[in-house]
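User: I am new to this structure and would like to learn how to read it. Where should I begin?

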Amino acid sequence: MSVALRILDDGAWLSVNDQRRVSVSELWRLDAPDFCDCDLVDFIAEGFTGVSADGHQVAVTTYGKCIACGESGVPGKLPVGHIRQGEYKGYDRQNIVLRPIERRQR
Amino acid sequence: MPTDVERWKSEVYGNEIREHLYQFAEDGWESIPDDEHDAWFERFKWWGLYHQRNGQESYFMMRIGTPNGVLEPGQTEVVAEIAKEYASGPAENPEFGDAYVDWTTRQSIQLHWIKLEDIPEIFEKLEANGLSTQQACGDSWRNIVGNPMAGKAPEFVDAWPVIQELNERFKGNEDHSNLPRKWKVSVTGAPDGSGQGDINDLAFEPAYKEVDGEEVRGFNVRVGGGLSRNEPRLARELDVFTRPENAADVAAGISALFREHGDRENRYNARVKFLMDEWGPEKFRNTLQEEFVDFELETAGTDLREQYTYNAGGEEHGDLIGVHEQADGNYYVGLNVLVGRMGADDTLELAELAEKYGSGEIRISQRQNVMITDVPEEDLDDLLEEDLLEHYSPDPHPFMRGSVACTGTEFCSLSIVETKNRQVRFARWLKQNVELPDGVEDFHIHLSGCTASCAQPQIADISLRGMKTRKDGEPVEALDIGLGGGLGEDPHFAEWVGQRVPVDEVPGAIKNLLASFEDQREGDETFRTFIARQDEEELEDLIEPEETSYEDPYMHNTKMTWYPYADEDDMDASPAPTDGEGNPIAPADD
């Protein structure tokens with residue numbers, strides 16, 4: 001079953017099968033030492049510029065800022081949920097640490 | 001590879017969207033196929049309809065494009081009546097009630113909580129009165145802006161007929177209805193820079209040429225300005241002069257060039273400012289000449305930029321608030337609308353005052369304010385005594401006068417923070433608690449919820465932009481603070497010098513900043529001059545956030561609510577989507 005993944009409204013949100021699933025302005029903790037020197041990046045998502053499916057995992061390329069140190073940019077493709085049998089399920093992003101896909105693949 | 005948006009546009013776009021929209025309206029919200037929501041909501045924008053944010057499904061923002069902000073006699077009443085009848089949602093705004101009109105920084109009108117099922121009735125009422133939502137959003141020619149008093153206040157060249165011609169030619173024009181991205185145009189005839197051409201995709205600015213010993217008045221053309229996405233650009237001189245009668249042909253060539261050469265594979269790179277980055281003005285002009293116009297372009301004339309006073313850092317407001325004489329000897333009265341939002345009943349009263357004292361016409365400025373025009377001198381005193389003008393003052397306090405705010409998380413998907421109600425509270429607190437230094441009467445504070453910059457923060461004295469931070473370990477809404485922006489002969493975007501200031505400490509930061517200005521000011525220098533002579537470190541030192549008596553009820557993450565001001569604001573408490581009567585639609589069983 002194919003799943004439609006899109007970033008819409010100037011990068012404001014991720015659409016999965018025509019439903020709004022992730023919006024900018026969420027705060028995430030990232031394990032992304034390449035992004036800034038903070039132990040865990042305290043990251044605000046300001047805009048999404050792309051979405052990809054890596055296996056079952058849905059990841060968004062996200063522009064944002066570490067609100068602890070002020071570093072801004074794109075820390076990589078950040079996994080926000082997964083797809084099983086055509087159904088999307090979002091991660092509990094407020095309470096877990098997200099690790100960029102690129103970092104896992106090293 | 002073309003984007004999904006481009007694919008949808010290639011299937012159905014422009015005028016033909018309307019028949020589908022009407023069918024969906026007749027059949028109801030649930031008739032839009034679940035797997036076509038994204039496509040239709042993207043297309044509906046072309047007809048001025050923007051699906052509201054998460055938690056507000058089935059409700060739309062409706063934008064009405066009023067070229068140059070001109071509402072002809074009778075039209076303001078129609079807008080007020082539509083707002084009263086159709087623009088009420090399931091919850092009230094504590095500052096503005098349950099039906100209101102937003103005057104925007106692009107001289108348009110926005111209504112919220114519009115239900116799909118009501119759209120045909122609204123369109124018919126608008127169009128019967130010469131109003132339209134066509135191309136108010138979407139990838140095409142947007143509402144054309146300029147000095148709102150074009151045609152009535154003194155001008156170097158008459159801009160209003162040009163604006164009307166452009167509007168008539170490019171609204172509904174299939175050759176220009178599907179552009180790679182939005183297309184924002186400014187036409188200015190006044191010699192003061194008040195059309196804000198520098199921040200538009202295409203700008204016509206007053207200029208003249210000597211031809212056979214005669215002065216010919218017209219416009220110089222600039223391309224590629226804009227504020228969005230952390231990539232602000234000033235429009236660049238194209239070395240093209242156009243006479244008023246040729247402006248539409250020049251515009252058609254430039255619009256067609258954008259249509260053919262703009263980036264349709266990456267929407268983040270699609271605005272013409274990025275094409276201008278890549279090409280530069282010389283290649284842009286050469287391509288325009290060789291491929292898109294069949295006449296010889298004239299080289300640029302002499303511009304009037306040395307005379308620009310609008311938002312140029314001096315003490316001239318340029319915001320058209322107050323009582324001013326028109327070229328015909330009548331007067332216009334500019335009224336301050338704090339953050340651009342006016343209740344529907346007040347808007348109706350505004351329309352009545354315009355009928356009673358003027359011609360019935362209202363004009364909207366790029367500072368979110370309104371003007372009652374064509375008032376005979378002998379009627380001015382009576383108009384100024386009207387109750388409505390106590391709230392929408394022609395002589396407002398500088399902090400009320402200079403406050404501009406975008407829509408914010410109340411309705412917008414992209415915004416990071418609440419804006420309009422917050423800016424109202426900021427302005428009131430500042431008015432009560434902060435003295436402006438001597439002689440400072442023109443002071444702009446613009447609050448934008450995100451980097452899209454709809455409140456045009458980069459050209460304000462104090463620029464505020466939505467952010468988040470942690471305070472006592474808890475996430476709270478915050479603002480970045482920028483300083484020193486403005487237009488004029490030498491426009492300058494604000495420097496973002498204060499980062500992630502918790503919103504409840506922003507009024508204190510502004511108070512301290514103004515105190516530092518007063519202490520360190522040299523003579524009677526303006527705020528902009530004062531800021532311009534500071535180095536980066538000094539600028540950062542000027543930002544001293546502080547808790548004060550100001551209280552902010554919207555510190556929490558308003559984006560996570562379905563509506564920030566609802567008693568039960570959790571996303572789960574949202575009544576949306578609703579049917580045509582506003583009743584919640586139960587989710588379908590899986």
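**Enclosed space and the contact between chains**

Analyst: Begin with an enclosed space. H3(B) gives the most to the lining of the second largest cavity, with three residues. Keep in mind that the model is predicted.

User: How is empty space found at all?

Analyst: Rolling a probe the size of a water molecule over the atoms shows where empty space is left. In this structure there are four cavities of 30 Å³ or more.

User: How much space lies in the second largest cavity, and which residues line it?

Analyst: The second largest cavity holds about 70 Å³ of space. From chain A, its lining includes Leu8(A), Asp9(A), Trp13(A) and Arg20(A). From chain B, the lining includes Asp38(B), Phe41(B), Glu42(B), Lys45(B), Tyr50(B) and His51(B). H3 and E1 of chain B are the elements that give two or more residues to this lining. Sorted by class, the lining has five charged, four nonpolar and one polar residue.

User: How much space is in the largest cavity, and what lines it?

Analyst: About 90 Å³ of space lies there. Among the residues lining the largest cavity are Asn311(B), Gly313(B), Gly314(B) and Glu315(B). Val440(B), Asp442(B), His444(B) and Asp461(B) also belong to that lining, as do Thr526(B), Phe527(B) and Arg528(B). By class, the lining of the largest cavity counts five polar, four charged and two nonpolar residues.

User: Now the two chains. How many residues does each give to the contact?

Analyst: Chain A gives 30 residues and chain B gives 39 residues. A residue count can be read together with an area. Between chain B and chain A, about 2600 Å² is buried, and carbon and sulfur atoms give 45% of that area.

User: How many salt bridges and polar contacts are there between chain B and chain A?

Analyst: There are seven salt bridges between chain B and chain A. One example to look at is Arg181(B) with Asp10(A), where the closest N and O atoms are 2.2 Å apart. With both residues at pLDDT 80 or more, the count of residue pairs in polar contact between the chains is 17.

User: Which elements of chain B supply the side that touches chain A?

Analyst: At least two residues each come from helix H1 (4-11), helix H3 (37-44), strand E1 (49-51), strand E18 (462-471), strand E19 (474-483) and strand E20 (495-502) of chain B. The residues on that side of chain B divide into 18 charged, 11 polar and 10 nonpolar.

Methods:
Residues are numbered from 1 along each chain as its sequence is written. Chains are lettered from A and ligands numbered from 1 in the order in which they are written. This is a predicted model: local features need pLDDT of at least 70, side-chain atom pairs count only at pLDDT 80 or more; totals for chains, interfaces and linings use all residues. Side-chain values use heavy atoms; hydrogens and water are left out. Contact means heavy atoms within 4.5 Å. Buried area is the accessible area (1.4 Å probe) that two parts lose on being put together, summed over both. A salt bridge is a side-chain nitrogen of Lys or Arg within 4 Å of a carboxyl oxygen of Asp or Glu. A polar contact is a pair of N or O atoms within 3.5 Å; within protein, one must be able to donate a hydrogen and the other to accept it, and residues adjacent in sequence count only if both atoms are side-chain atoms. Helices (H or I, at least four residues) and strands (E, at least two) are DSSP runs, numbered from the N terminus. Ala, Val, Leu, Ile, Met, Phe, Trp, Tyr, Cys and Pro count as nonpolar, Asp, Glu, Lys and Arg as charged, and the others, Gly among them, as polar. On a 1 Å grid over the protein atoms alone, a cavity is a set of points where a 1.4 Å probe fits but cannot get out, and a pocket is an open set with protein on both sides within 12 Å along at least five of seven lines; lining residues have an atom within 4 Å of a point. Grid points are joined across faces, edges and corners, and a volume is the space filled by probe spheres set on the points.
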